[in-house]
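Open the model in your viewer and switch to a cartoon view. We will go from stop to stop, selecting a few residues each time.

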Amino acid sequence: MLRINLKILMVGYSEAEASLLYADLSKINIRIHYKAITDVKDIRAVFYENDWQVLICNHTEHSFNFMDALEIWKQIGRNVPFIIYSDEMNEVKAISAIHHGVHDYIYKGQVARLVLAIERELKDVETRRAKLQAESKVYRLAYYDDLTGFPKRNLFCEKITSILSKESNTDKLAAVYFIKIGRLPYINSTYGYNVGDMLIQQLSYRMSVYANSKCLLSRIESSKFAFFNCEVSSLADIQKFADRIMKMVSTPILINGFEFCATINIGVSVYPAHGSNVSMLLAIAEKTLSESQDNLRNSCRYFMNKVGETATRQLKLGEILRKAFLNNEFAVYYEPIVDLKTGDIKGTEAILRCNHPEIDLLSTSKFIALAYETGLILEIGKWMLKQACLQTKLWNEMGHGALSVTIGISSIELDQNQFVKYVKDVLVETGFAPNLLELKFTESFLQDAEISMNNLQELGGMGIKLSIDCYGTGGSAIGSLIKLPINSLKIDSALTSDLGIDSDNTAIVTAINALARSLGISVIAEGVATKEQFEYLCEIQCDYAQGNLFSEPIIAEDFLALLERRKTGTLS
């Protein structure tokens, strides 16, 4: 049963209407404390006046639209159920409301059902809260060392990658110090593991004095630690920091009446000379450390050897990619997306290419991975978005209808606080209509979508279309399609290539198409290369398709010629 003195905020209700609802609830022994507001602008201020547990919203077609209240509710971010209780009711409107984030839509007069909905949603709030607490604990265990509280290797690498991406266009130095505490196995076996743990904790406390946002510290494993210091401006600074670490550690430590003198060895690698990404810098620093084990204790050794052949090539490719971007050697290719009902080209997908021969030979996955490693992924994404919007707008102004453009975005881009702002800025600068822009992200990203939910909701609120790429291969939950403002699913070419041949893939494609249709979501089949595939997609009433049957990705000039030839709407 509902708790006593339930706190309900009633939005879009007059005081008289709210009193009637209060009376209805009282008749079934539900005691509530409520406040009624009629102006949606008052929601934000009133929300913080009390610890409201439920928001009940009115909806009328002409005087009060629930979407206005819902938008503010999302911005506030409070974990409070949002329930519509309205005279105006139909199935389409209810499904649309729930798709946008409303928890339930109930017709006025059905008080018993309203009570059940409130009970259900309050239980869900408790469940979500418990889940968040559990996830927080799991995150802590996954990313932080239990003994010292320092970031583990994975979080350490993520933070360094973020720093390097911001410094990618500068000439700044940085250094990785891989530190190994000596004699720890001997101390553990002689004095006990608890003494060894206390030694690690005290050494960690000493080293933490130097840790800050520009000088990161991590416990890599057992007796191994690492610093990443980007507060250095010369090789002399790099050596001074190593000296400070060794001096600090050499001071005796008193534990249980015993005095211990710890020893350390340090391996150092320097950014960007020894590597452009954290994995390479750590590997080189650790390799340097292992090569110095025969040296005296409390020693520091710098990497001087040549990097291995594979690593050298990766470094070379990274530099080529950076120079190619600075020298305007990138190009955007366009692949048509065809409406299977009419044969018209309804839009295009923008695909990045690099005119440098060594980069152009890389697969898409390796190309993107290289962009991540060099920190160029964000700059490349901004450039591509602007170019694609300008080009598509030009085609539309030339009389080729209202073509849309689809652009892939990475999880790093969507996780940036400024991502929505720079998309807005590009749309304003280019004058491109938001409803003609479609941003696609991979299905695997749905597992982490809650991190960037606000960005997704805001993009959808701007009228920008959102698409899940390669759907059917990532194993995401169907529930994600309802929670997220998804407009279309792109069926992976690995599934469409075997249509009519592989019964499993054919069944999957058919099921995805049926699911999408039931949710009001469009389906785009990728990799359509044969007439048989095309005919099957038409048979199951798939919405759109792209692939070599229509055209491979082509440069803008060739795409314009294709538009001119396809004005008749034929598929031949």
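**Stop 1: a lysine on a helix.** Select K382. With 34% relative accessibility, K382 is partly exposed. K382 sits in helix 14, which covers residues 377-397. Keep in mind that this is a predicted model. Now add F419 to the selection. K382 and F419 are 37 residues apart along the chain, and their C-alpha atoms are separated by 9.4 Å.

**Stop 2: the barrel.** Next, colour strands 13 to 20. Eight strands close into a barrel here, in the order 13-14-15-16-17-18-19-20. The pairing around this barrel is mixed. A word of background helps: strands of a sheet pair through backbone hydrogen bonds, either parallel or antiparallel. We will walk along part of the ring.

**Stop 3: strands 16 and 17.** Select residues 437-442 for strand 16, then residues 465-471 for strand 17. The two strands run parallel and are joined by five bridges. To see one pair, show L439 and L466: L439 stands opposite L466 in strand 17. Is strand 17 mostly covered or mostly uncovered? It is mostly covered, with five of its seven residues buried.

**Stop 4: on to strand 18.** Keep strand 17 and add residues 488-491, which form strand 18. Strands 17 and 18 pair in the parallel sense, over three bridges. Show S467 and S488, since they mark the spot: S488 in strand 18 is the bridge partner of S467.

**Stop 5: strand 19.** Add residues 522-525, which are strand 19. Strand 18 pairs with strand 19 over four bridges, again in the parallel sense. Which residue of strand 19 is the bridge partner of L489? Pick V523, and you have found it.

**Stop 6: strand 20 and the crossover.** Residues 544-545 make up strand 20. Strand 20 pairs with strand 19 in the parallel sense over two bridges. A545 in strand 20 is the bridge partner of A525. Now trace the chain between these strands. From strand 19 the chain passes through helix 21, residues 531-539, to reach strand 20. This β-α-β crossover is right-handed.

**Stop 7: closing the ring.** Select strand 13, residues 330-339. Strand 13 and strand 20 run antiparallel and are joined by two bridges. Show D339 and Y544 together: D339 stands opposite Y544 in strand 20.

**Stop 8: a patch on the surface.** Switch on the surface and select I98, I482 and L519. These three residues make a nonpolar surface patch of about 210 Å². Look at L519 by itself. L519 belongs to helix 20, residues 503-519. L519 is partly exposed, and its relative accessible area is 32%.

**Stop 9: two cysteines.** Hide the surface and select C215 and C230. A disulfide is a covalent bond between the sulfur atoms of two cysteines. How many disulfides are counted in this model? The count comes to zero. Why is C215 not bonded to C230? The closest cysteine sulfur to that of C215 is the one in C230, but it is 7.8 Å away, too far for a bond. The cut-off for a disulfide is 2.5 Å. Seen from the other side, C230 is in no disulfide either, and its nearest cysteine sulfur is that of C215. Both residues are covered. C215 is buried at a relative accessible area of 1%, and C230 is buried at 5%.

Methods: Residues are numbered from 1 along each chain as its sequence is written. This is a predicted model: local features need pLDDT of at least 70, side-chain atom pairs count only at pLDDT 80 or more; totals for chains, interfaces and linings use all residues. Side-chain values use heavy atoms; hydrogens and water are left out. Two strands pair if DSSP finds at least two bridges between them. A crossover is right-handed if, with the strands pointing away from the viewer, the path from the first strand over the helix to the second runs clockwise. Patches are made of residues with over 30% relative accessible area and no salt bridge: like charges are joined within 9 Å, nonpolar side chains (Val, Leu, Ile, Met, Phe, Trp, Tyr) within 5 Å. Accessible areas come from the Shrake-Rupley method with a 1.4 Å probe; for residues, only the protein chains shown count as cover. A salt bridge is a side-chain nitrogen of Lys or Arg within 4 Å of a carboxyl oxygen of Asp or Glu. Buried means under 20% relative accessible area, exposed over 50%, partly exposed in between (1.4 Å probe, protein chains only).
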